[in-house]
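Please explain how this chain is put together. Take the strands, then the interior, then a few side chains.

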Amino acid sequence: MENLFIGIDVSKDVLDYAAVDQDNREVFRDKKCLNDEKGLKELIKSLKEYSNYYQLWVCLEHTGHFGSLACFYLEKENIPYFLLNPMEVKRSMGIVRGKTDSADALRIAHYGASNTHKLVPFTLPGK
């Protein structure tokens, strides 16, 4: 089964996400959902459609509490996710043009596909 790397750009209100396969070929891009319970349920449903064909690797930058609800839902559905250091992702890209949330999501997905050796699954701390 091939790997699918989903990059999620987390903001207060919206999650932008995109995906690449293990060969860094774009699978989808420019998808969005609200960063709330309803939006995250849509995101999980969308990701599960790909789980029949791919092993999912969800990568998101550690943005403090803005990503905690996403982490909760991913963990609840047993989808492995990886919190990345935003500075490490930024530095790995060098100088880039066209900074948008959807472009950042695709860059995060590419980072995950290129740096699988650095990815460590994350789990939320207990109560």
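**Strands, core and side chains**

Strands β1 and β4 run parallel to each other and are paired over seven bridges. One position shows how this works: L4 has L56 as its bridge partner in β4. L4 also has a bridge partner in β2, namely D21. The strands β1 and β2 run antiparallel and are joined by seven bridges. The connection between β1 and β2 is a hairpin of three residues.

The model is a predicted one, and a word on confidence belongs here. The mean pLDDT of the chain is 88, and 95% of the residues reach at least 70. Within the chain, confidence is highest in β2, at 96, and lowest in helix α3 (residues 86–93), where the mean is 76.

The next pairing in the sheet is that of β2 with β3, which is antiparallel and has six bridges. In this pairing, L15 stands opposite C33 of β3. The hairpin of β2 and β3 has four residues between the strands, and one of its residues, N24, has a positive phi near 65 degrees.

Is β1 enclosed by the rest of the structure or open? Eight of its nine residues are buried, so β1 is largely enclosed. The loop that follows can be set against this. S11 lies in that loop, between β1 and β2. With a relative accessible area of 21%, S11 counts as partly exposed, because the limit for buried is under 20%. Leaving aside neighbours within four places in sequence, S11 is in contact with N35 and F66. S11 and G67 are 56 residues apart in sequence, yet their C-alpha atoms are 7.8 Å apart in space.

Now to the interior. In soluble globular proteins, nonpolar side chains tend to be buried together. The largest nonpolar core here has 24 residues, and the members that touch the most others are I6, I8 and V58. At least two residues of this core come from each of β1 (2–10), β2 (14–21), β3 (26–34), α1 (37–50), β4 (54–61) and α2 (68–76). The element that gives the most is α1, with five residues. Another core, of 14 residues, lies apart from the largest one, and its members include F82, V89, A105 and A113.

What does I6 touch, once residues up to four places away in sequence are not counted? The list is Y17, A18, A19, L47, L56, W57, V58, C59 and A109.

Aromatic rings are the next topic. A pair of aromatic rings is described by the distance of the centres and the angle of the planes. The whole structure contains six aromatic pairs. In the pair of F28 and Y50, the ring centres are 5.1 Å apart and the planes are at 35 degrees, so this pair is tilted. F28 is in strand β3 and Y50 is in helix α1, 22 residues away, and the pair thus links distant parts of the chain. Are these two residues buried or exposed? F28 is buried, at 6% relative accessibility, and Y50 is buried as well, at 19%. The ring of F28 has a further neighbour: the charged end of K31 sits over it, 4.6 Å from the ring centre. Elsewhere, F5, W57 and F82 make up one aromatic cluster.

The last stop is a contact between two acidic residues. D9 is in strand β1, while D104 is in helix α4 (residues 101–114). Both are buried: D9 has 7% relative accessibility, and D104 has 12%. Not counting residues up to four places away in sequence, D104 touches D9 and K99. Under that condition, the contacts of D9 are V14, L15, D16, E61, D101, D104, A105 and I108. One of these, A105, is also a member of the core of 14 residues.

Methods
Residues are numbered from 1 along each chain as its sequence is written. This is a predicted model: local features need pLDDT of at least 70, side-chain atom pairs count only at pLDDT 80 or more; totals for chains, interfaces and linings use all residues. Side-chain values use heavy atoms; hydrogens and water are left out. A nonpolar core is a set of buried Ala, Val, Leu, Ile, Met, Phe, Trp, Tyr and Cys residues joined through side-chain atoms within 4.5 Å. Buried means under 20% relative accessible area, exposed over 50%, partly exposed in between (1.4 Å probe, protein chains only). Contact means heavy atoms within 4.5 Å. Two strands pair if DSSP finds at least two bridges between them. pLDDT is the predictor's confidence in each residue, from 0 to 100. Rings of Phe, Tyr and Trp (its six-membered ring) pair if their centres lie within 6.5 Å; planes under 30 degrees apart count as stacked, over 60 as edge-to-face and the rest as tilted. A charge sits over a ring if NZ of Lys or CZ of Arg is within 6 Å of the ring centre and within 35 degrees of the ring normal.
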